[in-house]
Amino acid sequence: MNNLSVVLATFNEETNIEDCLESVKNIAAEIIIVDGSSTDKTVEIAKKYDATIVVTDNPQMFHINKQKALELAKNDWVLQLDADERVSRELADEIVKVINMPDEKLELYQDNLPSKKLFQRHQHLLKKRDGNIGTEKGSYVAFFIPRLNYFLGKYLRFGGVYPDGVIRLVKRQKAHFPCVSVHEQIEINGRVGWLENALYHIDSPTFSRYLQRNNRYTDLLSIELRKKNLNSTDLVNYLFILPISWFLKSYIRHKGFMDGWPGFVFSFFSSLRFPISYIKSLKK
């Protein structure tokens, strides 16, 4: 059995959880689920996969339950997933191969990634946003996984959406969620590499699902905005400058139009998160 724990934080994911767990059942030595008191069949379905399930409350800052799940893992390597994500057979094979590689082979593997330049550009952008991610030297203790996001019937490849790198494969004692921000990066004490094969993210198969997720996301952003001393400049910025610049960047510069109608809808509505969050922040 592989030295791998798969961990999830869930809440009312009965439509997703089975496909997610089915995709990792053959590579997981254990499955840990921290459930935020789901009212549907999430827990019942998870039990079929012999998952260790801890039922707790459902904090608005969902990283809190992700951290709880991470702390419960017993194996050296941990794959942290969301219920709406799927691990392909190719990615599963790559994960098993990588966690069993000695350091010298990992170095060579990272040097020869086919998409290395694309991944480096993406990581550079993340570093500008989040600050340093791990260390530049030493052993690899975590890996970004490129993610393909399913939106209104299509996996988006343009608009700045791909590779959408997420750190999901980590050594248990080398990773930690700060639990302070909705868009925070997991903290890694060590070197971070990349896997080549994509993680499939069934993000928004329907528009109603997208609106539901977007509403929760803007709620969290509005809470962060309330903590700031906003002024008239922020009003113009959030209501006009940020949404317009985001749409032009996503749809034109990053060729969101290449994804057809779903690309336009994604670029347009993702740009609206700025004015929506700002308006919500004004409500006490």
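This report walks through two sheets, a few helix contacts, a pocket and some backbone details of a predicted model.

Residues are numbered from 1 along each chain as its sequence is written, and side-chain values use heavy atoms, with hydrogens and water left out. Since the model is predicted, local features need pLDDT of at least 70 and side-chain atom pairs count only at pLDDT 80 or more, while totals for chains, interfaces and linings use all residues.

**The seven-stranded sheet**

Let's start with the strands. Helices (H or I, at least four residues) and strands (E, at least two) are DSSP runs, numbered from the N terminus. Two strands pair if DSSP finds at least two bridges between them. Strands of a sheet pair through backbone hydrogen bonds, either parallel or antiparallel.

One open sheet has 7 strands in the order β3-β2-β1-β4-β9-β6-β12, with mixed pairing. β3 (52–55) and β12 sit at its edges, each pairing on one side only. From one strand to the next, the twist averages 30°. Angles like this run from 0 to 180 degrees between N-to-C directions, and axes are lines fitted to C-alpha atoms, for helices over the stretch in contact.

Here are three of the pairings in this sheet.

| Strands | Sense | Bridges | A facing pair |
|---|---|---|---|
| β4 (77–81) and β9 (166–171) | antiparallel | 3 bridges | valine 78 and valine 170 |
| β6 and β9 | antiparallel | 4 bridges | alanine 142 and valine 170 |
| β6 and β12 | parallel | 5 bridges | phenylalanine 143 and glycine 193 |

Valine 170 of β9 turns up twice: valine 78 has it as bridge partner, and alanine 142 stands opposite it too. Helix α5 lies across β6 and β12, running at about 65° to β6.

**The four-stranded sheet**

A second open sheet is built from 4 strands in the order β5-β13-β7-β8, again with mixed pairing. β5 (85–87) and β8 (154–156) are at the edges with a single partner strand each, so one side of each has no neighbour in the sheet. The twist here averages 30° from one strand to the next.

Inside this sheet, β7 (residues 147–151) and β13 (residues 199–204) run parallel and are joined by 4 bridges. Arginine 147 stands opposite leucine 199 of β13. Helix α9 (residues 260–271) lies across β7 and β8, at about 55° to β8.

**Helix against helix**

α9 also packs against α10, at an angle of about 30° and with the axes 5 Å apart. The two are therefore roughly parallel to each other. Angles under 35 degrees count as roughly parallel, over 145 as roughly antiparallel, 65 to 115 as roughly perpendicular and the rest as oblique. Phe269, Ser270 and Ser271 of α9 make the contact with Arg273, Phe274 and Pro275 of α10, where contact means heavy atoms within 4.5 Å. That contact has 3 nonpolar, 2 polar and 1 charged residues. For these classes, Ala, Val, Leu, Ile, Met, Phe, Trp, Tyr, Cys and Pro count as nonpolar, Asp, Glu, Lys and Arg as charged, and the others, Gly among them, as polar.

α10 (residues 273–281) has another partner in α8 (residues 232–253): their axes come within 7 Å and cross at roughly 160°. These two are therefore roughly antiparallel to each other. On the α8 side, the contact includes Leu235, Tyr238 and Trp246; on the α10 side, Phe274 and Tyr278 are among the residues met. By class it has 10 nonpolar, no polar and 2 charged residues.

**A pocket**

The second largest pocket holds about 510 Å³ of space. On a 1 Å grid over the protein atoms alone, a pocket is an open set of points where a 1.4 Å probe fits, with protein on both sides within 12 Å along at least five of seven lines; lining residues have an atom within 4 Å of a point. Grid points are joined across faces, edges and corners, and the volume is the space filled by probe spheres set on the points.

Of the 19 lining residues, Gln120, Gln123, Thr135, Val192 and Trp194 are closest to the centre. α5 (103–111), α6 (116–130), β6 (135–145) and β12 (191–194) each supply at least two, and α6 gives the most, with 6 residues. The lining divides into 6 nonpolar, 8 polar and 5 charged residues.

**Backbone oddities**

Most residues other than glycine have a negative phi, and most peptide bonds are trans. Asparagine 12, in the loop between β1 (4–10) and α1 (17–22), has a positive phi near 50°. A cis peptide bond joins tyrosine 162 and proline 163, with omega about 15°. Proline 163 lies in the loop between β8 and β9.
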